[in-house]
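Work through the exercises below with the sequence and the model open. Each task is followed by a solution in steps.

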Amino acid sequence: MGIFSKHIDKKIAAYQHELIETQYREVDNMYRQIRGWRHDYRNHIQTMKVLAANNDMEALKEYLDKLDTDLSTVDTVVKTGNAMADAILNSKISLAMAKHITVKCDAHIQLKLNMSEIDLCCIIGNLFDNAIEASVKLPEEQRIIRVYMDMKGTQL
């Protein structure tokens, strides 16, 4: 039983290491996005200051309207109705987009499922990771991931 137990421990350690690496890549990707937005934010402030200093209120209003439209697209890409599913899907979509993979997602999930949220996140995460891994091997113009999730009765 000792050899079998050591084998299981090694498998668990490898799996945990893989999860940590994936989590690190996702957090790093989000951090890079936030830094980009921060940089853009400074540029937007400077532009608005110039428009206000020139008393060009019409141009300032137009600029704010464009920013409002842009910020709406920065919001979470997917809103399923389930916070855990939203978190993992949006994280994976962000990771895929950073690798120049187009993602088409249509997902509708109830707030409370019959399965544990940990299981849901593991399943979605593993499926998405596999899709990303397969997609990056393709030429950029062919990279696409399609996600469809819906409820049928109590089943996802």
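**Exercise 1. Cysteines**

Task: Determine how many disulfides the structure holds, and explain the result for Cys121 and Cys122.

Solution:
- The structure, which is a predicted model, holds 0 disulfides.
- Start from Cys121: the closest cysteine sulfur to its own is in Cys122, at 7.3 Å.
- A disulfide requires the two sulfur atoms to be within 2.5 Å, so the 7.3 Å between Cys121 and Cys122 is too far for a bond.
- Starting from Cys122 leads back to Cys121, again at 7.3 Å.
- As to surroundings, Cys121 has a relative accessible area of 15% and is buried, whereas Cys122, at 31%, is partly exposed.

**Exercise 2. Layout of the chain**

Task: State how many helices and strands the protein chain has, and in what order they run.

Solution:
- The chain contains 4 helices and 2 strands.
- Read from the N terminus, the order is α-α-α-β-α-β.
- The chain has 156 residues, and 24% of them are buried.
- Among contacts with a separation of 6 or more, 70% join residues 24 or more positions apart.

**Exercise 3. Salt bridges**

Task: Find the salt bridges in the whole structure, and place each partner in its helix.

Solution:
- The search returns 2 salt bridges.
- One pairs Lys61 with Asp65, with 3.2 Å between the closest N and O atoms.
- Both of these residues belong to helix α2 (residues 57-74), where they are 4 residues apart, about one turn of the helix.
- Lys61 is partly exposed at 47% relative accessibility, and Asp65 is partly exposed at 39%.
- The other joins the side chains of Asp129 and Lys92, at 2.6 Å from N to O.
- Asp129 is in helix α4 (residues 117-135) and Lys92 in helix α3 (residues 83-98), so this pair ties together parts 37 residues apart in sequence.
- Lys92 has a relative accessible area of 2%, below the 20% limit, and therefore counts as buried.

**Exercise 4. Nonpolar cores**

Task: Identify the residues of the largest nonpolar core that touch the most other members, and say which elements supply this core.

Solution:
- The largest nonpolar core has 20 residues; those touching the most other members are Leu89, Ile124, Phe128, Ile132, Ile145 and Met149.
- At least two residues of this core come from each of α3, α4 and β2 (144-149).
- The largest share, 6 residues, is supplied by α3.
- Take Leu89 in detail: leaving out residues up to four places away in sequence, Leu89 touches Val78, Thr80, Ala107, Ile124, Phe128, Val147 and Met149.
- Another core lies apart from the largest one; this other core has 5 residues, including Met48, Leu51, Tyr63 and Leu67.

**Exercise 5. Surface**

Task: Give the accessible surface of the protein chain with its carbon and sulfur share, and name the residues that form a nonpolar patch on the surface.

Solution:
- The accessible surface is about 11700 Å², and 58% of this belongs to carbon and sulfur atoms.
- A nonpolar surface patch is formed by Met115, Ile123, Leu127 and Leu156, which together have about 360 Å² of accessible area.
- Of these residues, consider Leu127, which lies in helix α4.
- Its relative accessibility is 57%, over the 50% limit, so Leu127 counts as exposed.

Technical notes. Residues numbered from 1 in each chain as written. Predicted model: local features only at pLDDT ≥ 70, side-chain atom pairs only at ≥ 80, totals over all residues. Heavy atoms only, no water. Salt bridge = Lys/Arg side-chain N within 4 Å of Asp/Glu carboxyl O. Buried < 20%, exposed > 50% of the residue type's maximum accessible area, 1.4 Å probe, protein only. Contact = heavy atoms within 4.5 Å. Areas by Shrake-Rupley, 256 points an atom, 1.4 Å probe, with all protein chains shown as cover. Patch = residues over 30% accessible without salt bridge, like charges linked within 9 Å, V, L, I, M, F, W, Y side chains within 5 Å. Core = buried A, V, L, I, M, F, W, Y, C linked by side-chain atoms within 4.5 Å.
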